[in-house]
Amino acid sequence: MGQPPERRLLWILIGLALLSRLVWVLWVHPPGEYLYSDMRLYAERAVALADKGIPAPTRTLAWQAYGTHMLLAAPLRLFGTQPPMLSGALLWGLLGAVSVPLAYLLACRVLRERWQARTAGIAALLWFPNLSTTGFFLSETPFLCAQLLSLYWLVVCFQEGRRAWPAGVASAVAFMLRPQAAVFYVFVLLIWLVNVRRLQHIKWHHIVGVGAPLVLALGFSLWRFHYHTGYWGGIAENANMNLTAGRCHNINTQAYRTQREFTTAERKDDQTNGRRVTLPGFRTLKNWVPEWSPLALRPALKGDSIRFVGYIGDPFIHKDIRAKCYAATGLLEQVRYSFVNMMLQWFIAGQWPETSKGHKHTLVIAEVYRYFFNTVVLLPSLVGVGLALRGVRRDPALAVLAACLVGAMIIAAIFFGDPRLRTPYDPVSIILALYAVAVALPAWRAWRARRAGNTPAPAA
């Protein structure tokens, strides 16, 4: 059951988190002033939804997961959509601030030593990558908050048989922000099935409380996708392109409206035109990793770009492209692709959008945190995942945290990893790293004691 939180520390974390996040989004880095790439698309859709209400069927609205722009549209609807959208910035700052005490409370639930929970809470407060993303209208900040809230209430449910419905609602919100989180909730169900006889305080109404909001969110997501695309079978069409990139290792995906445009681009090898999406992590692989390395970028179709005529998210076009990539690579190379994809969330690539123009000063700080994570947190956190899963019957609540990281690694291996996509999981990694250290310290002390006991006494 962990430990009770220290009320004084909790209030200090709440106050400092509010101060730092609100200063960041209102004065230092207002997200409404940094609207490009994904941020621009989320903001445009949120403004359109706030001003005009539910739109007519439009395929472009099925390109990304909808949770982020719908959430951003709520304050814009209430307080206006005029630039620089301060109401949205305020919401993002509050969500980022709430994540700090949530990380501390979650650590108190699963860790036994006060120094561990204190360290987790202070690390969440000072973790610059998560502070930085509050300054962009991206899914990372709301997903960080929803995921931690989901984890906290799921842990409470596993430990005490309470808060099932709040856990389900928070989980549904996390799913709508990032549908790939569904992998984690499947693992949560498996952890309960493994412990069903031991967790007798968890009844069927708890399962319904957690599962019903998730099922409703899934049903709404599938219906909305069909409403905008005219076919069933997805939640966001960018998943088709992302899966192709993960299985073909192309840097660019370029779609053209006409065969003439396509032919011209092919002849000139123009990588800048058409409806284009670029993966910065793969470009970094090409530029910095030598060909002989097991992490080298080796595109299945022997080119930086995959080009075609049609809509960029068309599932049937991408299915045919992936079939060509599978035939060209074989099973072993696809396994290597998965390994490279997963490594991208920890190594090689920098954190976007810090790597974009105008962020050279904050990029230095982000890189310091990235190297700190890789050298100090990563290995202990992976050990913590292994220990938590091995003890799934002894402490299923801790195994839930481990399953969260395992789900993120599986998604990265299938599609591709990126430090930006990983940072919402960093508080969980820190908690599991602290757990691994707490397990290792007594073993190390016992080893030293045995060694000291076996040392012969000095001669008189």
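## The loop between H3 and H4

Met85 sits in the loop between H3 and H4. Keep in mind that this is a predicted model. Met85 isn't a glycine, yet its phi is positive, at about 55°. As for exposure, Met85 is buried, with a relative accessible area of 5%.

Pro84 belongs to this stretch too, in the loop between helix H3 (67–79) and helix H4 (86–110). The peptide bond joining Pro83 and Pro84 is cis, with omega at about 5°. For background, most residues other than glycine have a negative phi, and most peptide bonds are trans.

## The loop between H14 and H15

Further along, Ile348 lies in the loop between H14 and H15. Ile348 is another non-glycine residue with a positive phi, here about 75°. Ile348 is partly exposed, with a relative accessible area of 25%.

Pro353 is also in the loop between H14 and helix H15 (360–390). Going from Trp352 to Pro353, the peptide bond is cis, and omega is near 10°.

## The disulfide

How many disulfides does the count come to? The count is one disulfide, and it joins Cys248 to Cys325 with an S to S distance of 2.0 Å. The link of Cys248 and Cys325 is right-handed, with 110° about the S-S bond. Cys248 is in helix H11 (residues 238–248) and Cys325 is in helix H14 (residues 315–343), so the bond ties together parts that are 77 residues apart in sequence.

Are these two cysteines buried or exposed? Cys248 is buried at a relative accessible area of 1%, and Cys325 is buried at 0% relative accessibility.

## Cysteines without a partner

Why does Cys108 have no bond to Cys145? Cys145 holds the closest cysteine sulfur to that of Cys108, but the gap is 17 Å, which is too far for a bond. Cys108 is buried, with a relative accessible area of 2%.

Cys404 is in no disulfide either: its nearest cysteine sulfur, that of Cys145, is 14 Å away. Cys404 counts as buried too, at 1% relative accessibility.

## Arg322 in H14

Back in helix H14, there's Arg322. At 11% relative accessibility, Arg322 counts as buried.

Which residues does Arg322 touch, leaving aside those up to four places away in sequence? The answer is Asn240, Leu243, Thr244, Arg247 and Cys248. Looking at the backbone, the C-alpha atoms of Arg322 and Thr244 are separated by 5.8 Å, though the two residues are 78 residues apart along the chain. Among the contacts of Arg322 is Cys248, the cysteine that the disulfide joins to Cys325.

Technical notes: Residues numbered from 1 in each chain as written. Predicted model: local features only at pLDDT ≥ 70, side-chain atom pairs only at ≥ 80, totals over all residues. Heavy atoms only, no water. Disulfide = S-S within 2.5 Å. Helix = DSSP H or I, 4+ residues; strand = E, 2+ residues; numbered from the N terminus. Buried < 20%, exposed > 50% of the residue type's maximum accessible area, 1.4 Å probe, protein only. Contact = heavy atoms within 4.5 Å.
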